[in-house]
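User: I am new to this structure and would be grateful for a close look at a single part of it. Please concentrate on the salt bridges and their surroundings, after a brief orientation.

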Amino acid sequence: MKAKYESNCKGIMTAEKILNACTENLQVARPKVLSVLQQTAENERLIESKALRSNVHSPSHYLSLMRSRVMEEQAPGNLTRVRILDDLEKQRKVATDYPKREKKGNHGRFKRGVGNLC
């Protein structure tokens with residue numbers, strides 16, 4: 001019976017054996033993880049260096065730039081494109097001027113105490 005017990009004990013994992021196995025796995029995994037993290041950092045730097053930057057031009061400047069490029073290219077249908085860009089510019093001006101006109105036009109329209117609807 002003692003021989004049977006000793007043979008069974010050889011197959012049982014003790015806390016020390018488990019700790020040693022985990023330590024070995026950690027020693028193998030640590031360099032791999034650090035390598036992947038380093039490659040990720042390099043990829044991030046590369047992407048940041050090549051990333052598109054936001055356009056700092058105003059909408060009117062951008063439309064003007066587009067119009068000049070269309071005129072330079074002289075591609076078929078360029079007159080239609082120029083008209084469309086001109087219309088977009090006019091609509092943009094109207095849209096940006098509307099709040100200004102609305103603020104100016106409302107002052108002094110109604111007097112207090114006159115024309116109460118309640």
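Analyst: Along the sequence, the chain runs in the pattern α-α-α-α. Its secondary structure consists of four helices and zero strands. The model is a predicted one. The chain has 118 residues, and 5% of them count as buried. Its accessible surface is about 11300 Å², with 59% of that area belonging to carbon and sulfur atoms.

Before the salt bridges, helix α2 deserves a short description. Helix α2 covers residues 15-50. Its 36 residues reach 51 Å from the first C-alpha to the last, close to the 52 Å expected at 1.5 Å a residue. The helix nevertheless bends by about 30° at A29, and the proline P31 follows within four residues. L34 also has its place in α2. Together with V33 and L37, L34 makes a nonpolar surface patch of about 290 Å².

The requested part can now be considered. The structure holds two salt bridges. One of them joins D86 and R67, whose closest N and O atoms are 2.7 Å apart. D86 belongs to helix α4 and R67 to helix α3 (residues 59-73), so this pair ties together parts that lie 19 residues apart in sequence. D86 counts as partly exposed because its relative accessibility is 27%, a value between the limits of 20% and 50%. R67, at 34% relative accessibility, likewise counts as partly exposed.

The other salt bridge is formed by E89 and R92, with the closest N and O atoms 3.2 Å apart. Here both partners belong to helix α4; they are three residues apart, so about one helical turn separates them. Helix α4 itself spans residues 78-106. As for exposure, R92 has a relative accessible area of 24% and is therefore partly exposed. E89 has a relative accessible area of 17%, which means that this residue is buried, since the term applies under 20%.

The surroundings of E89 complete the picture. When its neighbours within four places in sequence are left aside, E89 is in contact with S60 and L63. In summary, the salt bridge of D86 links helix α4 to helix α3, whereas the salt bridge of E89 has its partner R92 within helix α4.

Technical notes:
Residues numbered from 1 in each chain as written. Predicted model: local features only at pLDDT ≥ 70, side-chain atom pairs only at ≥ 80, totals over all residues. Heavy atoms only, no water. Helix = DSSP H or I, 4+ residues; strand = E, 2+ residues; numbered from the N terminus. Buried < 20%, exposed > 50% of the residue type's maximum accessible area, 1.4 Å probe, protein only. Areas by Shrake-Rupley, 256 points an atom, 1.4 Å probe, with all protein chains shown as cover. Patch = residues over 30% accessible without salt bridge, like charges linked within 9 Å, V, L, I, M, F, W, Y side chains within 5 Å. Salt bridge = Lys/Arg side-chain N within 4 Å of Asp/Glu carboxyl O. Expected span 1.5 Å × (residues − 1). Bend = angle between axes of the 7 residues up to and from the residue. Contact = heavy atoms within 4.5 Å.
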